Amino acid sequence: MELDQLKSIWKESDAAVSNTSAEELDKMLRMQSQSPIAKMKRNLFWELVVVATIYIGTISFYLFENKPGMLYLALMLFVIGAMYVWYYIKKRALLKNIECVTCEVRSNLSTQLVSLEKLIRLYLWLGTFLIPLVLILSFVVGLIFTDNGHFIKELGDKLIYVLIVWVIFSLICTVPMYFVNKWYVNLLYGRHVKKLRQILNEMNETPVQTNKNNNL
């Protein structure tokens, strides 16, 4: 009888410790996962504020100028701004899904994190690609609409060489800007995603470690 009572007490104590450890682990994981997510959401919000302020101000300036060339530049910025809004909505939704750790199984959480990593890489490459594109389009628009195209007539046969030089200049400017953009994206998002990936890896390793301890 005493042996049965001892076994019962032992099982109850093991269950209590197990439940407490599970609750503490869950709380710890939620706190750790929300920390980098909260930082990314905050960075994303302030980035939206800065981008919206710059784009709205610049587009308004171009529109008030009421010149054909300026209107094309305003349209170009509007398209880029619309792309950024899509990026913001998509990324915000991903962060919201990842933030709810208890709502997602680990496999789904891993899928969401992979999608977030792909979206950040897309943001990096598109941001870099837009640098030469904007420089080249702005130069072409300036050539066409400056003095009603008289500057193009003055260049004559030299126009093609001027365009080639400007394209090369734009590509050269893109190289350092890529590294600046990479640093910027990593500062706001990349390092926090790496921390999330590390936490997820630790979560996936936890059952394996438990089984090893049980086998011992």
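**Two pockets among the helices**

The second largest pocket comes in at about 320 Å³. Keep in mind that this is a predicted model, so treat what follows as a reading of that model.

Who lines this second largest pocket? Starting with the lower residue numbers, you'll find Glu 117, Ile 120, Arg 121, Leu 124 and Trp 125. The rest of the lining is Lys 182, Val 185, Asn 186, Gly 190, Val 193, Lys 194 and Arg 197. Helix 3 and helix 5 each put in at least two residues here, and helix 5 has the largest share, with seven. If you sort the lining of the second largest pocket by class, you get five nonpolar, two polar and five charged residues.

Now move over to the largest pocket, with its volume of about 720 Å³. Its lining is made up of 23 residues. To find the middle on your screen, look for Tyr 55, Ile 80, Tyr 123, Gly 127 and Leu 130, which are the lining residues nearest the centre of the largest pocket.

Which helices build the wall of the largest pocket? Helix 1 (2–65), helix 2 (68–99), helix 3 (106–145) and helix 5 (159–215) each supply at least two of its lining residues. Helix 3 gives the most, with eight. As for class, the lining of the largest pocket has 20 nonpolar residues, alongside two polar and one charged.

Put the two side by side, then. Helix 3 and helix 5 appear in the lining of the second largest pocket, and both helices also turn up in the lining of the largest pocket.

Terms used. Residues are numbered from 1 along each chain as its sequence is written. This is a predicted model: local features need pLDDT of at least 70, side-chain atom pairs count only at pLDDT 80 or more; totals for chains, interfaces and linings use all residues. Side-chain values use heavy atoms; hydrogens and water are left out. On a 1 Å grid over the protein atoms alone, a cavity is a set of points where a 1.4 Å probe fits but cannot get out, and a pocket is an open set with protein on both sides within 12 Å along at least five of seven lines; lining residues have an atom within 4 Å of a point. Grid points are joined across faces, edges and corners, and a volume is the space filled by probe spheres set on the points. Helices (H or I, at least four residues) and strands (E, at least two) are DSSP runs, numbered from the N terminus. Ala, Val, Leu, Ile, Met, Phe, Trp, Tyr, Cys and Pro count as nonpolar, Asp, Glu, Lys and Arg as charged, and the others, Gly among them, as polar.
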